[in-house]
Amino acid sequence: GRIVWRRHALERMLQRGISRQDVRNTLSTGEQIRQYADDRPFPSALFCATIKGRALHVVAAVDEDQNEVHVITAYEPDRHHFDLDNKTRRSR
């Protein structure tokens, strides 16, 4: 399907040095580590992958009717919020 790039995501990606190709690779090869089924207007999910030696997280929502993926944000997981596996959220 088509990727819809949200303004917020593009701004954050630019600030964080994350390319569109890095996000595409994360979505296509990464592991879905969390679902947000109640998100509106579309359910979303958190994807994790290591791209060019860099751990990345991408949050994306899927509009199945339009066959579109909306990229909400992308970032590098940090040790304050995630364990060494980059998937397990640390308890506060």
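Is K52 buried or exposed? Select K52 in this predicted model and display its surface: K52 is exposed, with a relative accessible area of 74%. Now add D22 to the selection, and you will find that its side chain meets that of K52 in a salt bridge, with 3.2 Å from N to O. D22 belongs to helix α2 (residues 20-29), whereas K52 sits in the loop between β3 (44-51) and β4 (54-63), so this contact ties together parts that are 30 residues apart in sequence. D22, at 7% relative accessibility, counts as buried, because the cut-off for that class is under 20%.

Move next to strand β1 (residues 2-5) and select R2 there, together with E68 in strand β5 (residues 68-75). The side chains of R2 and E68 form a salt bridge of 2.7 Å, again taken from N to O, and the pair links distant parts of the chain, 66 residues apart. With the surface shown, R2 counts as exposed at 51% relative accessibility, while E68 counts as buried at 12%.

For the last stop, select helix α1 (residues 7-16) and show the side chains of R7 and E11, which are 4 residues apart and therefore separated by about one helical turn. Their closest N and O atoms are 3.9 Å apart, and the two residues form a salt bridge, because the cut-off is within 4 Å. R7 is exposed, with a relative accessible area of 66%, and E11 is partly exposed at 38%.

The pairs on this tour are among the 4 salt bridges that a search of the whole structure finds.

Conventions:
Residues numbered from 1 in each chain as written. Predicted model: local features only at pLDDT ≥ 70, side-chain atom pairs only at ≥ 80, totals over all residues. Heavy atoms only, no water. Helix = DSSP H or I, 4+ residues; strand = E, 2+ residues; numbered from the N terminus. Buried < 20%, exposed > 50% of the residue type's maximum accessible area, 1.4 Å probe, protein only.
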